[in-house]
Amino acid sequence: MLPVSSRLRFVRVHVPFLQHLRFFCSQPASNSKLFVAGLSWSVDDRSLLDVFSSFGDVTEVSIIYDKNSGRSRGFGFVQFSNEDDAKYAKDVMDGKVLLGRPLRISYALERVRGAPLVVPRISSAEPKD
């Protein structure tokens, strides 16, 4: 199988289209909000707050739950009062294990309601010459 970089397909588009698309794409929120993935189902808001409050003043913690089952979807968000605390927490906690699962931490993206989220596609097929 080819490496991922050779399986990416790029499409050539006109510049005005890209400027229009940039308006609809997700933009980074303030760098004080972290996206935390890889959470165990047993992690709740309080335990996530306890873990991240040692890095600074946490203003908001939210874990996303499934509408039907009520069970955690395995990710959540942590909002810090300033960007330096968020960066420190991201640098230290990314890849650390919490309740048996490694955390994947990145800066949260601001989601625009009704706008498509643009994600690059990776093709599993061999490229044709």
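How many aromatic pairs does the count come to? In this predicted model, the count comes to six aromatic pairs. The protein as a whole averages a pLDDT of 77, and 62% of the residues score at least 70. Over residues 4-29, however, the pLDDT is below 50, although this stretch has 29 contacts in the model beyond near neighbours in sequence.

A pair of aromatic rings is described by the distance of the centres and the angle of the planes. Among the six pairs is that of Phe-35 and Phe-75, whose ring centres lie 5.6 Å apart with the planes at 45°, so the pair is classed as tilted, the angle falling between the limits of 30 and 60 degrees. Because Phe-35 belongs to strand β2 (residues 33-37) and Phe-75 to strand β4 (residues 72-80), this pair ties together parts that are 40 residues apart in sequence. With a relative accessible area of 25%, Phe-35 is partly exposed, whereas Phe-75, at 19% relative accessibility, counts as buried, the cut-off for burial being under 20%.

Phe-52 and Phe-55 form another tilted pair, with the ring centres 6.3 Å apart and the planes at 50°. Both partners count as buried, Phe-52 at 0% relative accessibility and Phe-55 at 11%. These two residues also belong to one aromatic cluster, which they form together with Phe-80 and Tyr-88.

Aromatic rings are also met by charged side chains in the model, as two cases show. The charged end of Lys-33 sits over the ring of Phe-77, at 5.2 Å from the ring centre, while Arg-71 lies over the face of Trp-41, where the distance to the ring centre is 3.5 Å.

A further charged residue, Lys-90, is located in helix α4, which spans residues 83-93. Lys-90 is buried and yet has no salt bridge, the nearest side chain of opposite charge being that of Asp-94, 4.7 Å away. Because a salt bridge is counted only within 4 Å, the separation of 4.7 Å between Lys-90 and Asp-94 lies outside the cut-off. When neighbours within four places in sequence are left aside, the residues in contact with Lys-90 are Leu-34, Ile-105, Ser-106 and Tyr-107.

Conventions. Residues are numbered from 1 along each chain as its sequence is written. This is a predicted model: local features need pLDDT of at least 70, side-chain atom pairs count only at pLDDT 80 or more; totals for chains, interfaces and linings use all residues. Side-chain values use heavy atoms; hydrogens and water are left out. pLDDT is the predictor's confidence in each residue, from 0 to 100. Contact means heavy atoms within 4.5 Å. Helices (H or I, at least four residues) and strands (E, at least two) are DSSP runs, numbered from the N terminus. Buried means under 20% relative accessible area, exposed over 50%, partly exposed in between (1.4 Å probe, protein chains only). Lys and Arg count as positive and Asp and Glu as negative; His and the chain ends are not counted. Rings of Phe, Tyr and Trp (its six-membered ring) pair if their centres lie within 6.5 Å; planes under 30 degrees apart count as stacked, over 60 as edge-to-face and the rest as tilted. A charge sits over a ring if NZ of Lys or CZ of Arg is within 6 Å of the ring centre and within 35 degrees of the ring normal.
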